[in-house]
Amino acid sequence: MSNVTVCVRFRPLSSRERKIHEDSVCVQGLDAESFVFKDDEEEDITFCFDRVFYQDSEQADIYEFLALPIVADVINGMNGTIITYGQTGAGKTYSMEGPSILECDEHKNGLVQRVVDGLFEHMKSSTDTVTCTMKLSMVEIYMEKVRDLLDLSKDNLQIKEGRNQGIYIAGVSEITVANTSEALCCLARGIANRAVGETQMNLASSRSHCLYVFLVQQESAIDKRLKIGKIILVDLAGSEKADKTGACGRALEEAKTINKSLSALGNVINALTTGKTGHIPYRDSKLTRILQDTLGGNSRTVLLCCCSPSPSDASESLSTLRFGTRTKLIKTPMKINSFEEKDNKKPITNYHTQSEFRDRIL
Ligand code: ADP
Ligand code: MG
């Protein structure tokens, strides 16, 4: 049983999309794990994932399914990671931060606020003999360079591996925070710094990966034993193809670098889900190297594939879904037969084996 969960989230249509396509969408839900993807230019395809969140999903549902088990693991001294993948505009940042990191809206808060809250809740209830500390860092990876978002003077940090610490970013700012609001203020500074850096370098935030790192350290007063758990939340760079934007020069280089690191991530997760022992290619990108000890082993990994439901984004959504399927093929979509008969929809290709399905869609 692998510790990797692959989920999909479709954001609601924007008002602009509604104006163009009215309510038409390219996803037709079957159940909580599968849906039919409809693209005028392709045959309908049924996809299955560990969980599908449709347009009406709530931020709290996302937290509960994706993050709650990891929060409990971190308190028990284990690691985990949650990664949002998808084209720019697909809802990655909304899923992570909600509309704003400081807005504090119970309904709209994203994974970041909820994870911080969840960790502090656990920490508050720990026994008197244990001292709990939370430290956070925030970095950005742009063109394979790691930049400290809490101290912009550190713009090319190195990744190291220590005998006791595991993988760490040498010299990164690690801020100790005492409660949720302190943590969120600190992260808001990181987000503002990110915007400053982008303006200075004329970048778009969608071209870099943003990582929120939370370390929970618990020290027992009795035997001085230390228990350290780590969760990394990753808001990936947009996965859109370069040719669509007619990229050249730096934009093309950016796209190639992003593509390489996303492929490296896909390869690592795939190696973990297929249970292959032996070489896992963590060293193929800065991203997978930083994530190394939060991916694999007894760490839980969640990939949230964010998609637009709009017919005009169908080809990018399909490529996101294919990425999700490549990283982890969930199961053969056999239930499509009953769907076809009941709803009398246009024929859907049936697949009888996983490899047939894989060959058809990948
Ligand atoms: P990305 O980070 O993938 O580029 P964003 O998270 O910025 O995309 O989302 C693009 C737009 O869609 C934003 O205006 C955001 O507020 C909106 N949006 C995304 N997901 C949702 C959602 N689940 N509910 C409401 N609005 C959403
Ligand atoms: Mg974003």
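**Exercise 1. Determine which atoms of the protein make polar contacts with ligand 1, and describe the surroundings of the ligand.**

*Solution.*

Step 1. A polar backbone atom of Y94 lies 2.7 Å from an oxygen atom of ligand 1. This distance satisfies the definition of a polar contact, a pair of N or O atoms within 3.5 Å; within protein, one must be able to donate a hydrogen and the other to accept it, and residues adjacent in sequence count only if both atoms are side-chain atoms.

Step 2. For G91, a polar backbone atom is 3.1 Å from an oxygen atom of ligand 1. K92 contributes a polar side-chain atom, 2.8 Å from an oxygen atom of the ligand. Ligand 1 taken alone exposes 560 Å², of which the protein buries 64%; such areas come from the Shrake-Rupley method with a 1.4 Å probe, and for residues only the protein chains shown count as cover.

Step 3. The residues around the ligand are R9, R11, P12, Q87, T88, G89, A90, G91, K92, T93 and Y94, where a residue is near a molecule if one of its heavy atoms lies within 4 Å of it. Helix α3 (residues 92-97) supplies the largest share of this shell, 3 residues. Helices (H or I, at least four residues) and strands (E, at least two) are DSSP runs, numbered from the N terminus.

Step 4. Sorted by class, the shell has 3 nonpolar, 5 polar and 3 charged residues. Here Ala, Val, Leu, Ile, Met, Phe, Trp, Tyr, Cys and Pro count as nonpolar, Asp, Glu, Lys and Arg as charged, and the others, Gly among them, as polar.

*Conventions.* This is a predicted model, in which local features need pLDDT of at least 70 and side-chain atom pairs count only at pLDDT 80 or more, while totals for chains, interfaces and linings use all residues. Residues are numbered from 1 along each chain as its sequence is written, chains are lettered from A and ligands numbered from 1 in the order in which they are written, and side-chain values use heavy atoms, with hydrogens and water left out.

**Exercise 2. Describe the protein chain as a whole: how many helices and strands does it have, and what percentage of its residues count as buried?**

*Solution.*

Step 1. The chain has 10 helices and 14 strands.

Step 2. Of its 362 residues, 52% count as buried. Buried means under 20% relative accessible area, exposed over 50%, and partly exposed in between (1.4 Å probe, protein chains only).

Step 3. The chain exposes about 16700 Å², and carbon and sulfur atoms supply 49% of that area.

Step 4. Among contacts (heavy atoms within 4.5 Å) with a separation of 6 or more, 68% involve residues 24 or more positions apart.

**Exercise 3. Locate S173 and R207, and state what each side chain contacts.**

*Solution.*

Step 1. S173 is placed in the loop between β10 (166-169) and β11 (175-177). With a relative accessible area of 10%, S173 is buried.

Step 2. The side chains of S173 and D148 make a polar contact of 2.7 Å. Not counting residues up to four places away in sequence, S173 touches L136, S137, D148, L150, D151 and K154.

Step 3. R207 belongs to the loop between α5 (180-201) and β12 (209-220). R207 also counts as buried, at 14% relative accessibility.

Step 4. A polar side-chain atom of R207 lies 3.1 Å from the backbone oxygen of G238, and a polar contact of 3.2 Å joins the side chains of R207 and E240. The residues that R207 touches, leaving out those up to four places away in sequence, include Y142, E254 and I258.

**Exercise 4. Explain why C305 has no bond to the closest cysteine sulfur, and state how many disulfides the structure holds.**

*Solution.*

Step 1. A disulfide is a pair of cysteine sulfur atoms within 2.5 Å. The structure holds 0 disulfides. C185 is in none, and its nearest cysteine sulfur, that of C186, is 8.4 Å away. C185 is partly exposed, at 48% relative accessible area.

Step 2. The sulfur of C305 cannot be counted as bonded because the closest cysteine sulfur, in C307, is 6.6 Å away, too far for a bond. C305 is buried, at 0% relative accessibility.

**Exercise 5. Examine the backbone angle phi of C104 and of E144.**

*Solution.*

Step 1. Most residues other than glycine have a negative phi.

Step 2. C104 has a positive phi, near 55°. C104 is found in the loop between α3 and α4 (111-124) and counts as exposed at 57% relative accessibility.

Step 3. E144, which is not a glycine, has a positive phi of about 65°. E144 lies in the loop between β7 (130-142) and β8 (145-148) and is partly exposed, at 25%.
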